[in-house]
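Please look at the sequence and the structure shown here. A visitor will ask about them, and a guide will reply.

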Amino acid sequence: MEVSKKNNVAKIGIVTVSDRASAGVYEDLSGKAIINTLNDYLISEWTEVYEVIPDEQDVIEKTIINMVDQENCCLVITTGGTGPAKRDVTPEATEAVCDRMMPGFGELMRAESLKFVPTAILSRQTAGLRNNSLVLNLPGKPKSIRECLDAVFPAIPYCIDLMEGPYLDCNTEVIQPFRPKKK
C-alpha cells in the first residue's frame, strides 16, 4: 500500500557559503533570495534549515551531510562558492558527499545565465543526490539565484517525488512544475 506524501511538511536546507559571514557583520542576501523564491513557488507547507558557513570544503561537506542525514531535508540548496577562485569549493564538497551527480541542473543553469552575462561560463554549479535528497548548488548573486531557480525548479518537485520525498505543491501562477500525466 502506497503512503501519500502530500501531507508531509518538506524540510529544505539553505546553505550560504561565504567567508564574509565569518568575518563579522554580514547580511545574507543570497540565502534570503532563496527563501523568498521558495515562498513564491511553494504553496505546500515547508520549513527551512538554514546555515551560513565559510568557504571550507570540510565544513560544507559536514553541513550538507547533516542537513540530509540528520535534519532529513529532501532538498538542500547552497549559494556561493561556485566560481573559479581557489576558495570556491562548493561543487567539490557536493560531489564528495553525493552518491550520484545530476549534471543537467548545472548545464541548464549555465545556459540560462548566459542569456544575461557572458561570465556564466565561469560558474561551476552542479547538483547531486545523497540518499533520498537533492543537493543543488546556486551562484551567490540574488538576481542569478532567481534566474537559475526559475530554469531548474520545474524539475525539482518530480525529482523529489521519484525519491519518495514529500509532495511539493507549487503556485502554478508563478512556476509550472512538470509531473508526468498518470495513465
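The questions below concern the sheet, the helices and two loop residues.

Visitor: How should the residue numbers and the model be read?
Guide: This is a predicted model, in which local features need pLDDT of at least 70, side-chain atom pairs count only at pLDDT 80 or more, and totals for chains, interfaces and linings use all residues. Side-chain values use heavy atoms, with hydrogens and water left out, and residues are numbered from 1 along each chain as its sequence is written.

Visitor: Which are the edge strands of the open sheet?
Guide: Helices (H or I, at least four residues) and strands (E, at least two) are DSSP runs, numbered from the N terminus, and two strands pair if DSSP finds at least two bridges between them. The six strands form an open sheet with mixed pairing, in the order β2-β1-β3-β6-β5-β4. Each edge strand pairs on one side only; these are β2 (46–53) and β4 (100–101).

Visitor: In which sense do β3 and β6 pair, parallel or antiparallel?
Guide: With β5 (residues 127–130), strand β6 (residues 133–138) forms four bridges in the antiparallel sense; there, Leu129 has Leu134 as its bridge partner, and Ala127 has Leu136. Towards β3, Asn137 of β6 stands opposite Thr78. The pairing of β3 and β6 has five bridges, and its sense is parallel.

Visitor: How many of the residues of β6 are buried?
Guide: Buried means under 20% relative accessible area, exposed over 50%, and partly exposed in between (1.4 Å probe, protein chains only). Ser133, Val135 and Asn137 point one way from β6, while Leu134, Leu136 and Leu138 point the other way, and all are buried. The strand is thus described as mostly covered, and the number of its buried residues is six of six.

Visitor: At about what angle to β6 does helix α5 run?
Guide: Axes are lines fitted to C-alpha atoms, for helices over the stretch in contact (heavy atoms within 4.5 Å). Angles run from 0 to 180 degrees between N-to-C directions. Helix α4 (residues 103–114) lies across β4, β5 and β6, at about 30 degrees to β6. Helix α5 (residues 142–152) lies across β3 (75–79) and β6, and its angle to β6 is about 140 degrees.

Visitor: How far apart are the end C-alpha atoms of helix α2?
Guide: The expected span of a helix is 1.5 Å times one less than its number of residues. For the 14 residues of α2 (residues 57–70), this span should be 20 Å; in agreement with it, the end C-alpha atoms are apart by 19 Å.

Visitor: Within what arc do the buried residues of α2 fall?
Guide: The buried residues of α2 are Ile60, Thr63, Ile64, Met67 and Val68. Because an α-helix has 3.6 residues a turn, residues three or four places apart point the same way. The arc is that of the directions from the helix axis to the C-beta atoms. Seen down the axis of α2, the buried residues line one face of the helix, because they fall within an arc of 120 degrees.

Visitor: Which residues are exposed on the other side of α2?
Guide: The buried residues of α2 pack against β1 (10–17), β2, β3, α3 (90–97), β5 and β6. On the other side of α2, the exposed residues are Lys62 and Gln70.

Visitor: What is the relative accessible area of Asn72?
Guide: Most residues other than glycine have a negative phi. Asn72, in the loop between α2 and β3, has a positive phi of about 60 degrees although it is not a glycine. Asn72 counts as exposed, because its relative accessible area is 53%.
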